[in-house]
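Please look through the structure below slowly, moving from pairs of charged side chains to an open space in the fold and then to the nonpolar interior.

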Amino acid sequence: MYTSDREYSLSQMTWELKGFWPWVPVKGTSMEIGNELLGVTEWMPATVPGGVHYDLYRAGWIENPYQDMNSLQCEWVENRWWVYRTCFEWKDIYPQTDTVATELICQGLDYEALIYWNGQYLGEHIGMYEPAVFDITEQLQQSERVELLIILKHPPDEMGQIGKTSATFTQKSRFNYKWDFSTRLINIGIWDDIVLKSYQHCSLQDIQVKTDLNEQYQGVIQIGGEIQPHGKSKGKKSTLVQVAICDPAGNALVQLKQSLTENESTFTMQSLIDSPQLWYPNGYGDQPLYTVEVALLQHNIICDMYTCRVGIRQLEYVSNEGSPTDALPYTVRINGRKIYIRGANITPLDHLYGNVTARRYEWLIHLAKEANMNMLRIWGGGIIEKSILYELCDMHGIMIWQEFIQSSSGIDNTPSQRPEFLDLLQRNAISALNSRRNHTSLTIWSGGNELMSAPNIPSTYDDHNLALLQQLVQQYDPQRMFLPTSASGPVQYITHEKGVSHDVHGHWKYEGNPQHYVLYGEADHLFHSEFGVDGLSHVRSLHKFLSQPYRRPTSMEDSLVWRHHGEWWDTYGRDIELFGSLDNLESFVDCSQWIQAEGLRFILDSNRSRQFNNSGSLVWQLNEPWPNVTCTNLVDYYNEAKMAYYWVKEAYAPFRASIDYRSLHYVVGETVEFPLRVVSNHASRDFTINMQLLDGKGQMLQHHSIVGTTNIDHAITPTIFCCEIPQTADQLFYIRVQSVCGDQPIADNIYPFSTRQQSIYAPALDQADVDLAVEAHHDWTHSSLSGYHHTSFWKREYTVTNQGNTVALHIYPYESTDRFWMTASEGYFTLFPGESKQIVVTCCDQAAELFPADRSILYTAKDDQNEQTSQPEIAFASFQQHAIRSNIEQSLNM
């Protein structure tokens, strides 16, 4: 990032917004009668960065587009032109006296814009990701008073999820034209910052910072870049480039200098760091970052500066074990150590991605890190994310798989070859490569999402479109691997067929009992870059966007409103089959989330049991950009972590012991073998595992213990738990896997099974009332954590005890005031009678919702700095049981 007192953000100015019919703001007056053309709205306050829909909602022009089917009433917005306006005295905010040149830099215009400075037309810009840059040196001399107008045309008529990829012609984010997890709400606005930047006679351009390890295990930091001259004295002066490198604690390590003659415009320098502190992904080590500062001087005057923080690490890609000779190298190796990928896909954080706050980005990365993830795939139907996301991933060890903005479309999925598209693609790719390549977290580039040359056949490097991108990556960022697309073949989708699956996608539904377990338990793919299982959002979230008449169990076939919020992800029939009748929304949510968690847990454990023949899993998806009734996300739009989030967290733990099985129901009296699978990030750790067969009263019917030592490169199967299926009072039985690795207790892994042949989990709905006691320990602690600049965290410990005489399923904490976001050390855990568990809860103050029912509490940018004066209030709930508070919090609320 640039750090300079010569750069000023215009987001601090007062902005206004007004809507017009197309072309009207250019013409201004009627040709026939000469009258001023007034527009379709009045001037209203605008947010920059931001989006038009948010400003329209604040001004009362539209209702909450996320409520019920209101987004249909907002589609007129995409058919208008929108004008942003700000006025200021430029010398009052920008008193530069030694300036040779000044530029107006629009970092994110969405999508086609005309820019005017005091009525003078500066130019037109097309594209979201390549900055619009205009030299305004002469304009500043003409007037100190500035009126800046940015006219945004209506968005282009691009493809949504269903269409023809071969016919795409823009680099507009496609998800908000309608996708399975979103509606049609096409963003328009200034989605990133606008700055004025002044220059002296030269500036730094396209800085590249590379790190590596040499054979002597020294850290290598290489810095290169270009010098851009400005003003009339271009090329007339020699320049000096100085580089200062500080260690992660801020201590000066190295100073480098390189003088350039008036004919030289590029520089390259390198430093060797003895005993470097190495950067590792989350779960494998720390993330120390070195500070690199580049200064450009002429006659001892600093003309420009660039500062970034980088981790020293060696990045390699190697073939999977037992991989076919024609397979790509899907195993990432960092500092000589193979890394098993445990991660998720992300969509844009909101339909209105310009209004996403820093705190929301920080909470997203907190969620990923707490879930033991080490990679996020930034999906090709979304956006090239803002800088803050990559900076957070650098600090927290979350590797990035970045796709260029291309995606499948269903009718055909062939990468577009249209000349205007390839030109835009190239320009946007170069901009992304130059601006993102200095982030240590960036690990993989991909040509796009699900690009296919034929049905079920992913496109390859032979495609002209993808060959262009491959060449650009090789030119601008040769350290990183470029995958042609995701999945990368040779078949697109997971299959029962053996020997044909390298990187695959699918499926996205629970495949049924026992089909789900046969498919995923016996698959042989090398990498699994997208798959999911669907489940309902939390009840509290559903109440925020569904009106009262729609808050009842139903199917997508029977409710247009539910269909509008997640048509593809109907779980009603699935859950009726497994649980029988679902009488209320709370029961439906409990059951739907259970099966989502169960389905994902089995997929992840099965993939990981083949480490490093299988090199990783990326769940579809961590988040969602608008509120769905049901979806494949782990965390819903309102940042409520679903049951699947916590079960994925456990499946991604550094040490994991799981059992293999092929069904959720068995016949009483039959003997069934459950192989134990053990996998770890660490080698030669002693472990003890206790496997138990229990009934719902907690009676132990069978048990088996084993000790062993972990293997860093492979999962091991140290034993098989051989069980005789019991007859129990409620026809349910449980297998529990309890583990200790080294001296560290591991979260229990509990598997509910049934001896029923139909509605196998129906008895869980009929359990007697659960009797939980919750005790809070000490007071809340409130502090900042390293790597989070806009978020502070509340922490408190609780003990939960099952005082009843039957099992308490899926116990979880939640923050009851709805003023804080929350994660917990464990969630959706099970306690048998008399058992207790200690839970640490972490909360942060929410950033206000974009579309609250009460417009008086709308979000402002200051909300990222404001903190709640009150404390969180935690309640606990379990399957079919809700709202159990701690003894302390009960007394505080009496």
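In this predicted model, the count of salt bridges comes to 32. Side chains of opposite charge can pair when their charged atoms come close. One such pair is formed by aspartate 477 and arginine 480, whose side chains meet with 3.1 Å from N to O. Are these two residues buried or exposed? Aspartate 477 has a relative accessible area of 0% and arginine 480 one of 7%, and because buried means under 20% relative accessible area, aspartate 477 counts as buried, and arginine 480 does too.

A second salt bridge joins aspartate 575 to arginine 574, with the closest N and O atoms 2.8 Å apart. Aspartate 575 is buried, at a relative accessible area of 0%, while arginine 574 is counted as buried at 14%.

A third salt bridge brings together the side chains of lysine 837 and glutamate 826, at 3.4 Å from N to O. This pair links distant parts of the chain, since lysine 837 sits in strand β50 (residues 836-845), whereas glutamate 826 belongs to the loop between β48 (820-824) and β49 (829-831), eleven residues apart. Lysine 837 and glutamate 826 are both buried. Elsewhere in the list of charged residues, Arg540, Lys544, Glu640, Asp818 and Glu849 are joined into one network by salt bridges that share partners.

Glutamate 826 also appears among the contacts of another residue, glutamate 650. Glutamate 650 has its place in helix α14, and its relative accessibility of 13% is the reason why it counts as buried. If residues up to four places away in sequence are not counted, glutamate 650 touches Arg656, Ala747, Asp748, Glu826 and Gly827.

We can now turn to the pockets. The second largest pocket holds about 710 Å³ of space, and 30 residues line it, with Ala653, Gln744, Pro745, Ile746 and Ala747 lying nearest its centre. Several elements give two or more residues to this lining, namely α5 (358-370), α14 (643-651), β38 (655-659), β43 (732-741), β44 (744-754), β48 and β50. Which of the elements gives the most to the lining of the second largest pocket? It is β44, with five residues. Sorted by class, the lining of the second largest pocket has eleven nonpolar, eleven polar and eight charged residues.

The last topic is the nonpolar interior. In soluble globular proteins, nonpolar side chains tend to be buried together. Here the largest nonpolar core has 267 residues, and those with the most contacts inside it are Leu10, Trp15, Leu104 and Ile150. Helix α13 (residues 585-608) supplies the largest share of this core, eleven residues. Apart from this core lies another one, of seven residues, which include Phe20, Val83, Leu114 and Tyr116.

What does isoleucine 150 contact, leaving aside its neighbours within four places in sequence? Its contacts are Trp15, Trp82, Val83, Tyr84, Cys106, Leu109, Ala113, Leu114, Ile115, Ile190 and Ile194. One of these contacts, isoleucine 194, can also be set against glutamate 650: these two residues are 456 residues apart along the chain, and their C-alpha atoms are separated by 43 Å.

Definitions and conventions. Residues are numbered from 1 along each chain as its sequence is written. This is a predicted model: local features need pLDDT of at least 70, side-chain atom pairs count only at pLDDT 80 or more; totals for chains, interfaces and linings use all residues. Side-chain values use heavy atoms; hydrogens and water are left out. A salt bridge is a side-chain nitrogen of Lys or Arg within 4 Å of a carboxyl oxygen of Asp or Glu. Buried means under 20% relative accessible area, exposed over 50%, partly exposed in between (1.4 Å probe, protein chains only). Helices (H or I, at least four residues) and strands (E, at least two) are DSSP runs, numbered from the N terminus. On a 1 Å grid over the protein atoms alone, a cavity is a set of points where a 1.4 Å probe fits but cannot get out, and a pocket is an open set with protein on both sides within 12 Å along at least five of seven lines; lining residues have an atom within 4 Å of a point. Grid points are joined across faces, edges and corners, and a volume is the space filled by probe spheres set on the points. Ala, Val, Leu, Ile, Met, Phe, Trp, Tyr, Cys and Pro count as nonpolar, Asp, Glu, Lys and Arg as charged, and the others, Gly among them, as polar. A nonpolar core is a set of buried Ala, Val, Leu, Ile, Met, Phe, Trp, Tyr and Cys residues joined through side-chain atoms within 4.5 Å. Contact means heavy atoms within 4.5 Å.
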